[in-house]
Amino acid sequence: ELTQLRAEVSWMTACPSQVLQQVLNDLEKAFQNFFAQRARFPQSRKKNRGDSFRFPDGKNTLYERLTGKGGRLKLSKLGWLRFRGWRPLPGQIRNVTVRYDAGQWFAAIQYEYEITDPASRTLPAIGIDRGIAATVAISGQGRIKGPEAYRKALKRLQRAQRIVARRKNGSQNRRKAVLRVARLHRTVRRVRADFLHKVSHWLAKNHGTLVFEDLKIRNMIRSAAGSLAELGHNVRQKAGLNRSILDQGWGMLHTFCRYKAAERGGQCLDVSAKNTSRECCKCGHIAVENRGSQARFLCVQCGHTENADDNASVVILKRAVDCGLLPVEALHCLANKAGITVGHFLTSCQ
């Protein structure tokens, strides 16, 4: 029906037909996600909400450098567009996605090129525990605290959103207020992404294997509000916990580490997250009483005391060893003689 619509509606001819076809493809994916119960029913498109369009044919796209920090990009029916932020593209352009974000336009260029398989690395393996007080706890190397960008910008966001609520719908002042809120959210996203890129780069560069907990983040951030028939408990506390989890960017960190480690010949592994915060890294005893507080771990059996996040990071690494994900075949016979797992044997040797 797209060809018929372009013949009947004059303004649709101003847009390349391939861009309109990509919109229909996105709509099809939205319905597939709905029927597969991965997303809600597709909503009607609103003006100025999620403005983006994609050019799927990269052969007609030209990309040139003009200055040291800028260049120009040629797109169908738009002509040459100058941009800031030059980056060399070592391959063939496949598609270009143009999007609008808080008063600025961005072009995301996807290109294809061949790379050689990286050589395997012999760097040490580490266990990584993701938390709230410390974004990352690394086994044997301490903790790294994130910027908490959303929490620090929360008061400014609340004030800016109250200003939006007082503005008249459709007015120019309301559009300015909405743009102010969008810019604050964009700053929060950029601060978080910058921190996670730097941390993931350091982890992938200096370690061969990164072991994470297999966290179900989507289940962890579900609302506790309940329903009208059965109200939830501690709703405000759970909302604050969900906000803190999302502010740390646990999922983004795992995604960044996975592809950056693969580029350097390393790997990312996932182990079971059950009782990692309650298990002692020395004797393996699991008990609720071991986690007396959020920050302190005290084993009720052997008396081992340590920061709870540091203890969990060591447990995560040991589980990868015990499951056979890490090659330590020479230690299996010694661990069997001692009657303990390989992970606990390694800990006792240290």
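Visitor: Which residues lie nearest the centre of the largest pocket, and how many line it?
Guide: The lining consists of 29 residues, and those nearest the centre are Arg-84, Gly-85, Phe-106, Ala-107 and Ala-108. A pocket here is an open set of points on a 1 Å grid over the protein atoms alone, with protein on both sides within 12 Å along at least five of seven lines, and a lining residue has an atom within 4 Å of a point. This is a predicted model, in which local features need pLDDT of at least 70 and side-chain atom pairs count only at pLDDT 80 or more, while totals for chains, interfaces and linings use all residues. Residues are numbered from 1 along each chain as its sequence is written, and side-chain values use heavy atoms, with hydrogens and water left out.

Visitor: Which elements give two or more residues to that lining?
Guide: They are strands S3 (70–75), S4 (79–84), S5 (92–101) and S6 (104–112), together with H5 and helix H8 (250–263); the largest share, eight residues, comes from S6. These elements are DSSP runs numbered from the N terminus, helices being H or I with at least four residues and strands being E with at least two.

Visitor: And what volume does the largest pocket have?
Guide: The volume is about 1,400 Å³, where a volume is the space filled by probe spheres set on grid points that are joined across faces, edges and corners.

Visitor: How do its lining residues divide by class?
Guide: There are 16 nonpolar, four polar and nine charged residues. Ala, Val, Leu, Ile, Met, Phe, Trp, Tyr, Cys and Pro count as nonpolar, Asp, Glu, Lys and Arg as charged, and the others, Gly among them, as polar.

Visitor: OK, how much space lies in the second largest pocket?
Guide: That pocket holds about 800 Å³, and its lining has 23 residues, of which Asn-48, Arg-49, Val-178, Leu-179 and Ala-182 are the closest to its centre. H5 gives the largest share of this lining, nine residues, and by class the lining residues are six nonpolar, seven polar and 10 charged.

Visitor: Switching to enclosed space: how many cavities of 30 Å³ or more does the structure hold?
Guide: The structure holds one, with about 40 Å³ of space in it; a cavity is a set of grid points where a 1.4 Å probe fits but cannot get out.

Visitor: Which residues line the largest cavity?
Guide: The lining is made up of Thr-135, Gly-146, Pro-147, Glu-148, Ala-149, Arg-192, Phe-195, Asp-247 and Gln-248. Helix H5 (172–206) and helix H7 (235–248) each supply at least two of the lining residues, and the classes are represented by three nonpolar, three polar and three charged residues.

Visitor: What about the whole protein, how many helices and strands are there?
Guide: The protein has 11 helices and 13 strands. Its radius of gyration is 26 Å, well over the 20 Å that the globule rule gives for 350 residues, so the protein is more spread out than a compact globule. That radius is taken over C-alpha atoms, and the rule is 2.2 Å times the number of residues to the power 0.38. Along the principal axes, the C-alpha atoms fill a box of roughly 80 × 55 × 40 Å.

Visitor: Now single residues: Ala-102, buried or exposed?
Guide: Ala-102 is buried, with a relative accessible area of 8%, where buried means under 20%, exposed over 50% and partly exposed in between, using a 1.4 Å probe and protein chains only. Ala-102 sits in the loop between S5 and S6, and its phi is near 50°, a positive value in a residue other than glycine.

Visitor: And Lys-77, where does that one lie?
Guide: Lys-77 lies in the loop between S3 and S4 and is exposed, with a relative accessible area of 52%. The phi of Lys-77 is positive too, near 65°.

Visitor: Last one, what does Asp-310 contact?
Guide: Leaving aside neighbours within four places in sequence, Asp-310 is in contact with Ala-137, Gly-142 and Arg-143, contact meaning heavy atoms within 4.5 Å. Asp-310 belongs to helix H9 (residues 308–322) and counts as buried at 15% relative accessibility. By contrast, Asp-51 is partly exposed at 23% and, not counting residues up to four places away in sequence, touches Arg-45, Val-98, Arg-99 and Tyr-100.
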